[in-house]
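Colleague: Please take me through one part of this model closely. I would like the sheet and the helices packed on it.

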Amino acid sequence: MTTPPAQPNTAQPGAASGGASTAEQPWPVRVVSMKVAQWIDRLGEVWVEGQITQLNRRGGGTAFLVLRDPSANVSLQVTCLPAVLDRSEVPLTEGTQVIVRGKFSYWTGRGSLSLRITEIRAVGVGELLARIERLRQLLHAEGLFDPRLKRPLPFLPRTVGLVTARASAAERDVRSIAEGRWPDVRIRAEYSTVQGPTAVPQLLTALRTLDADPEVDVIILARGGGSVEDLLPFSDEALCRAVHAARTPIVSAIGHEPDNPLCDFAADVRAATPTDAAKRVVPDVLAERDRVAELRDRAAAALRGWVGREVRALEAIRSRPAFAHPHRLVDDRADDVDRLRRDGRRDVRRLLDREADGVRHLAARLTALGPAATMARGYAIVQKVTPDGENPVVRGIDEIAPGTQLRVRLPDGAAKAAVMGVERLATNTEETDE
């Protein structure tokens, strides 16, 4: 497309192009368009990176393209000569990541903006890998790949969410493996393009839809193998952040074993292939049955072993002499008991005899020392007769006086007497009181 001819200056008096517009003196549309065109023209040439979403070669000598930012829903109209496309080192198709150089043009006639490019370069694999690596380091520094944040997969999910392309080999692999392992498995698929300029928005929409479903317990993000350019949407920053922010555990199964898009690091589990993802998410019913049978057999064997050990322990206890012949201990000790009983009786009799002899000796001594024996030898017990009837024993002449009534106890009776006088016995002199 050629540049349109310059518009004639038909500004009316009072619409000074150099002054500020006011309500009394507004600018006509043509003046505004010319000023916008002049300002954009001063921008000069720029380098722009984007992804081709539309490519149209017209026969009028102008090619039309639409560049889209892969990380945002922003597009830009681009025009160029067909020769610019022909000079590209790689074929340009929809989905190709490119860098273009051009100058913006503002078409005053229809008020549209486009970028007129003079050079176009396809982004090489090396540059793509370098950008992916820089993004990986950035996301890793933010903690999106932290293993401590990974969530465990459920043992038996109620519903398995699947994000993949419609009627793709990845979908067939996941469904066939999952249904073969667990026939009653429920799979809810949300389809999306998995490469090209529209892949990221559709993947984000499908992922959010499944994450919002409370019945979905795990989500598989599946795609078959491909080139670095084909797998580029799965290294998109927006998709990686959405995978990290999802509440449902996500299994990334993108490409084959050597492929490592960034969503593999952001997901909770990385599977080598879609088939591997189905094996990780859905348990094998036959293997689980075999495991249950094995555990049951092991439990039964363990129980039988425990019962057998306890039975052997009881038999060992019962076979001990104390339990096998409990009366033998009594019989063996019966003679000892009889001997000890005889010895005890003999010792008791001996002690009683010895003590009886002691009692007899003491009785004899008491008899010999008693007052009866003394009185039998010619002695008497003299008691003072008192009115109160206590009649204390007279122990000396100081306790009696002449005329004191006395009771004299003899071996065969007692006699009453009165003191006629007292006689004191002295060692050197004898005194008599009458």
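**The parallel sheet and its helices**

Modeller: Strand 9 (residues 250-254) and strand 10 run parallel, joined by 2 bridges. Strands here are DSSP runs (E, at least two residues), helices likewise (H or I, at least four), numbered from the N terminus. Two strands pair if DSSP finds at least two bridges between them. Valine 251 has valine 269 in strand 10 as its bridge partner.

This is a predicted model: local features need pLDDT of at least 70, side-chain atom pairs count only at pLDDT 80 or more, and totals for chains, interfaces and linings use all residues. Residues are numbered from 1 along each chain as its sequence is written, and side-chain values use heavy atoms, with hydrogens and water left out.

Now the whole sheet. It is open, with 5 strands in the order 7-6-8-9-10 and parallel pairing. Strand 7 (187-191) and strand 10 (269-270) stand at the edges; each has a single partner strand, so one side of each lacks a neighbour in the sheet.

Next, the helices. Helix 5 lies across strand 6 (159-164), strand 7, strand 8 (216-223) and strand 9. Helix 5 runs at about 175 degrees to strand 6. Angles run from 0 to 180 degrees between N-to-C directions; axes are lines fitted to C-alpha atoms, for helices over the stretch in contact. Helix 8 (residues 274-281) also packs on the sheet, touching strand 6, strand 8, strand 9 and strand 10. Contact means heavy atoms within 4.5 Å. The direction of helix 8 makes about 165 degrees with that of strand 8.
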